[in-house]
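Student: I would like to learn how to read one helix in its surroundings. Where do we start?

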Amino acid sequence: MDAREGKMLSKALAKSRQTISAYEDYAERYDAIVRHGPNEREQASLKRLVAIAGTSGRILEVGSGAGYDADFLESLGVKVRRTDATKRFLELQAARGKHGELLDLITDDLGGPYDAVLALAVLIHVPRDQTDQVLAKIEGSLRPGGAFLVSMRNGDGETGGKYHTVYWRRDDFAARLENAGLVLIRDDFNLGRNDEEWNTFLAVKPA
């Protein structure tokens, strides 16, 4: 790593730590206001992921939060490795009898190979200049034929503040997936809370 790359990584880690710290303080409030299970559209996306992973598959979820998507996935028969960079979210899961592990997408090894990786509303907090490295890491954690489901905020630029958030236009992020060696097979656009625009991508690693 040269000096420029080291400086970029240091800035990325500072933004990441700031966001994680904000979620540590907000985790319980966040859990109180979000749905405790995926809606019909989200369930359909998760079922498509399982269809590729296989009902006996092993899925890595990054940014599990309070773990309700993982609950739904496990109800379909798959095994989920629940992870989050925010310790308080893992404690909330543990209070429900669910085991999760601390994992930082930027700095940690992801393990694998997995049949699928799930990252919903998580990569929005990865700095733009670290996105390619993170996607390459995810691709490397998948078995051949494995699937990746990811949702991203639609738009341009990024915001500062407590929750560093990066926006990507649909075509730009699709190109990042393809550059990482993944094949995009489906994408969907939807409006979230407060009319936030989201794109959800389903991609596979070539067999």
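Student: Which residues of helix H6 (residues 170-179) are buried?

Tutor: Keep in mind that this is a predicted model. The buried residues of H6 are Phe 173, Ala 174, Arg 176 and Leu 177.

Student: How should I read that spacing?

Tutor: An α-helix has 3.6 residues a turn, so residues three or four places apart point the same way. In H6, the buried residues fall within an arc of 155° when seen down the axis, so they line one face of the helix.

Student: Which residues are exposed on the other side of H6?

Tutor: Asp 171 and Asn 179 are exposed there.

Student: What do the buried residues of H6 pack against?

Tutor: Their partners are helix H5 (131-141) and three strands: S5 (142-153), S8 (183-191) and S9 (197-204). Just after H6 comes Gly 181, with a positive phi of about 95°.

Student: How many helices and strands does the protein chain have?

Tutor: The chain has six helices and nine strands.

Student: How do I judge the chain as a whole?

Tutor: Compare its radius of gyration with that of a compact globule. For 207 residues the expected value is near 17 Å, and the protein chain has 16 Å, which agrees. Its C-alpha trace spans about 45 × 40 × 35 Å along the principal axes, and 47% of the 207 residues are buried.

Student: What share of the contacts between residues at least 6 apart in sequence joins residues at least 24 apart?

Tutor: That share is 63% in the protein chain.

Methods
Residues numbered from 1 in each chain as written. Predicted model: local features only at pLDDT ≥ 70, side-chain atom pairs only at ≥ 80, totals over all residues. Heavy atoms only, no water. Helix = DSSP H or I, 4+ residues; strand = E, 2+ residues; numbered from the N terminus. Rg over C-alpha atoms; globule rule 2.2 N^0.38 Å. Buried < 20%, exposed > 50% of the residue type's maximum accessible area, 1.4 Å probe, protein only. Contact = heavy atoms within 4.5 Å. Arc of directions from axis to C-beta.
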